[in-house]
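This report goes through one structure for a reader who has not met it before. It takes up charged pairs, then a sheet, then a few single residues.

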Amino acid sequence: MPAGHLLSEGQYINKNVSEDELWSAFSRLFSAQSKNSTSYKFAFLKSLLDNLYNVDSNLQLTFDVIFAKFAESYWNLVLKYGIRQQSITRDGRISAIEGILRESATRFHIADGVPFEQLNDDAMIFVCDNTKRKCKINVVGALYADLGGMAYSFSRSGEWLRFSPYMYEFLCKHKLVIEKMNYYEWARYMEKVNDDSMVVHLLTKIECSTKRSDLSVYRHILYDEFECKRCFYCGRPLKESAIHVDHFIPWSFIKDDKLWNFVLACPQCNESKSDKLAAPVYLEQIIRRNNASRLAAYANKIAGYRSDSLRDIYNWARTNGYSEICLLYTSDAADDSLRV
């Protein structure tokens, strides 16, 4: 079998793989046995973890979705924070991803420090397309091989990746632990190839390399088009001057902005809920809301949504240690809100 980075396709091992075997695969990935000339594998794993809940019913992701996250992470690390992604070579060459990003910034006249989420559509498409075209060649096969073929099947020509059911369940169950291990090893690698002055708060910079988008557009959709005029949690009428958009499943876990995961809340409820899970009664309420609303009119904002997948994500968040907050207010208004 050729070296992983040379593979154009691969099939995951189609057998019952134990958790011990999967943990061993990640231990090897994060050990000195895994050679890294750039930080690509860490960024690619982060892209997969950030997209766990965007899979279709076959546990499949497109390269477009994966490499959009890949490009976003690198844009902010390289151009916002100025962090190198490989050692300085004798001839001064930089990594391919750094070259793509710097070329993009020059082409679209983007000033240093502008975050990815503020790019215009043309610039964002250019960055993502060129990142995918260049980086899919070596990165997908390299991580596939490093995880012993247990993680996913893939096709470079078809531009898709399909998780092994065993690996998918494992990643969902241990998402936060694997994410933190990946951040730590990525930070250790970047400390080796950057000056000390560049690596201050490095773990925070990695974690913040993908950011929340502007939620004002969702506030308008939910309030005006879905007629969500009351706080999702307490049922009190919302004042247009004080409406919060809340991630029902906390953003820190799902790492994505999806219409099906947004609710409108009063400031008091949103601040009380914070980074917690709402009680299970609200899970059924948001599923009813999603099934009854006009979500289908916003196909690009609900990709991959299924009511059973929302239940799964809620349960995976609990498994990963997210605590529940009980019914925030007991009032007639709250009772009315639960009869949506």
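Which residue's side chain meets that of Arg107 in a salt bridge? The partner is Glu103, with N and O 3.8 Å apart. Because Arg107 and Glu103 are 4 residues apart in helix H4, they are separated by about one helical turn. Arg107 is partly exposed, at 49% relative accessibility, and Glu103 is also partly exposed, at 43%. The model described here is predicted.

## Salt bridges

A search of the whole structure finds 15 salt bridges. Three of the pairs are listed here.

| Pair | N to O distance | Burial |
|---|---|---|
| Arg107 and Glu103 | 3.8 Å | Arg107 partly exposed (49%), Glu103 partly exposed (43%) |
| Lys255 and Glu179 | 3.0 Å | both buried |
| Asp308 and Arg306 | 3.5 Å | Asp308 partly exposed (41%), Arg306 partly exposed (30%) |

In the second pair, Lys255 forms a salt bridge with Glu179, the closest N and O atoms being 3.0 Å apart. This pair links distant parts of the chain, 76 residues apart: Lys255 is in the loop between helix H11 (251-254) and strand E6 (262-265), while Glu179 is in helix H8 (residues 175-193). Both residues of the pair are buried.

Salt bridges also link Asp64, Lys132, Lys136 and Glu159 in a network.

## A sheet and the helix across it

Four strands make up an open sheet with antiparallel pairing, in the order E1-E3-E4-E2. At its edges are strand E1 (9-10) and strand E2 (60-62), each of which pairs on one side only. Strands of a sheet pair through backbone hydrogen bonds, either parallel or antiparallel. E1 pairs with strand E3 (residues 152-155) over 2 bridges, in the antiparallel sense. Within this part of the sheet, Gly10 stands opposite Phe154 in E3.

Helix H6 (residues 139-146) lies across E1, E3 and strand E4 (160-163). The helix runs at about 155 degrees to E3.

## Three buried residues

Thr131 lies in helix H5 (residues 121-135). Is Thr131 buried or exposed? Its relative accessible area is 0%, so Thr131 counts as buried, the cut-off being under 20%. Leaving aside neighbours within four places in sequence, Thr131 is in contact with Phe67, Phe70, Ala71, Ile97, Ile100 and Lys136. The last of these, Lys136, also belongs to the salt-bridge network with Asp64, Lys132 and Glu159. Thr131 and Ala96 are 35 residues apart in sequence, and their C-alpha atoms are 8.7 Å apart in space.

Ser95 sits in the loop between helix H3 (63-80) and helix H4 (96-107). Ser95 is buried, with a relative accessible area of 2%. Its side chain makes a polar contact of 2.6 Å with the side chain of Glu98. Not counting neighbours within four places in sequence, Ser95 is in contact with Thr38, Tyr40, Gln85 and Gln86.

Arg289 is in helix H13 (residues 280-292). How far away is the nearest side chain of opposite charge? That side chain is Asp246, 10.0 Å away, and Arg289 is buried yet has no salt bridge. The side chain of Arg289 does make a polar contact with the side chain of Asn290, at 2.8 Å. Beyond residues up to four places away in sequence, Arg289 touches Leu222, Leu259, Trp260, Phe262 and Val263.

Key: Residues are numbered from 1 along each chain as its sequence is written. This is a predicted model: local features need pLDDT of at least 70, side-chain atom pairs count only at pLDDT 80 or more; totals for chains, interfaces and linings use all residues. Side-chain values use heavy atoms; hydrogens and water are left out. Two strands pair if DSSP finds at least two bridges between them. Contact means heavy atoms within 4.5 Å. Axes are lines fitted to C-alpha atoms, for helices over the stretch in contact, and angles run from 0 to 180 degrees between N-to-C directions. Buried means under 20% relative accessible area, exposed over 50%, partly exposed in between (1.4 Å probe, protein chains only). Lys and Arg count as positive and Asp and Glu as negative; His and the chain ends are not counted. A salt bridge is a side-chain nitrogen of Lys or Arg within 4 Å of a carboxyl oxygen of Asp or Glu. A polar contact is a pair of N or O atoms within 3.5 Å; within protein, one must be able to donate a hydrogen and the other to accept it, and residues adjacent in sequence count only if both atoms are side-chain atoms.
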